[in-house]
Amino acid sequence: MYLHDNWYVAAFAEEVTRVPFRRTLLDESVVLYRTEAGGPVALSDVCPHRRAPLHLGRLLGDVIACPYHGLRFDPSGKLTQSVARARGGSPELVGLKSVNSGGRTGNADSGSAS
Ligand code: FES
């Protein structure tokens, strides 16, 4: 059992780059990366469509694209492009859980909360 709504160390500031990677925090898989402006992002690593690991996806600006069908999520976890939308269909239906990644570190991170 974990205490939620508390701060935990997710990574050293220098570990979080423009290359997404996965960490397990509180038994949940989280993808970490930085925005183009340098802000830290922490989102659920599990795509809500078919549960593909988002850390294997690619960054399109600040948006992360799922490696499987290409759903795209902004740094807040909001779906910005669905498979259906890409094909001219219905709008987005889902989003991702965002982990507040305020970049609280003792000395190295100037990122803003997302
Ligand atoms: S599993 Fe991510 S878009 Fe389908």
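# A guided tour, strand by strand

Start by selecting Ala65 and Arg72: Arg72, in strand 6, is the bridge partner of Ala65. Keep in mind as you look around that this is a predicted model.

**The sheet around your first selection**

Now widen the selection to residues 63–65, which are strand 5, and residues 72–73, which are strand 6. These two strands pair in the antiparallel sense, over 2 bridges. Which sheet do they belong to, and in what order do its strands lie? Strands 5 and 6 sit in an open sheet of 4 strands, ordered 4-5-6-7, with antiparallel pairing. To find the edges of this sheet, select residues 58–60 for strand 4 and residues 79–81 for strand 7. Each of these edge strands pairs on one side only.

**Zooming out**

Show the whole chain next. How many helices and strands does the chain have? You should find 1 helix and 7 strands. Follow the chain along its sequence and the pattern reads β-β-β-β-β-β-β-α, so the helix comes after the strands by the order of that pattern. The chain has 114 residues, and 26% of them count as buried. Take the contacts between residues at least 6 apart in sequence: 33% of these join residues at least 24 apart.

**The other sheet**

Go now to strands 1, 2 and 3. They make an open sheet with the order 1-2-3 and antiparallel pairing. Color residues 21–25 (strand 1) and residues 40–44 (strand 3) to see the edge strands, each of which pairs on one side only. Turn the view and compare neighbouring strands: on average they are turned by 35° against each other, direction ignored.

Next, add residues 28–34, which form strand 2. Strand 1 and strand 2 run antiparallel and are joined by 5 bridges. You can pick out partners one at a time. Select Arg23, and its bridge partner in strand 2 is Val30. Select Leu25, and the partner in strand 2 is Glu28. While you have a strand on screen, there is a handy rule to try out: in a regular strand the side chains alternate between the two faces of the sheet.

**The turn of the hairpin**

Where do strand 1 and strand 2 connect? They form a hairpin with 2 residues between them. Select Leu26 in this turn, which has a positive phi of about 55°. Then select Asp27, in the loop between strand 1 and strand 2. Its phi is also positive, near 65°, and Asp27 is not a glycine. Why stop at such values? Most residues other than glycine have a negative phi.

Is Asp27 buried or exposed? Asp27 counts as exposed, because only 12 or fewer C-beta neighbours are allowed for that label and Asp27 has 7 inside 10 Å.

**A stop before strand 1**

Jump back to Asp5, in the segment before strand 1. Asp5 is another residue that is not a glycine yet has a positive phi, here about 60°. Asp5 is exposed too, with 5 other C-beta atoms within 10 Å.

**Finish in the core**

For the last stop, select Val30, Val31, Leu32, Tyr33, Ala42, Leu43 and Leu54. The largest nonpolar core has 16 residues, and these are the ones that touch the most other members. Strand 2 and strand 3 each supply at least two residues of this core. Which strand gives the largest share? The answer is strand 2, with 4 residues. Val30 is a residue you have already met, as the bridge partner of Arg23.

Methods
Residues are numbered from 1 along each chain as its sequence is written. This is a predicted model: local features need pLDDT of at least 70, side-chain atom pairs count only at pLDDT 80 or more; totals for chains, interfaces and linings use all residues. Two strands pair if DSSP finds at least two bridges between them. Axes are lines fitted to C-alpha atoms, for helices over the stretch in contact, and angles run from 0 to 180 degrees between N-to-C directions. A residue is buried if 20 or more other C-beta atoms lie within 10 Å of its own, exposed if 12 or fewer, and partly exposed in between; C-beta atoms are placed from the backbone. Two residues are in contact if their C-beta atoms, placed from the backbone, lie within 7 Å. A nonpolar core is a set of buried Ala, Val, Leu, Ile, Met, Phe, Trp, Tyr and Cys residues joined through C-beta atoms within 7 Å.
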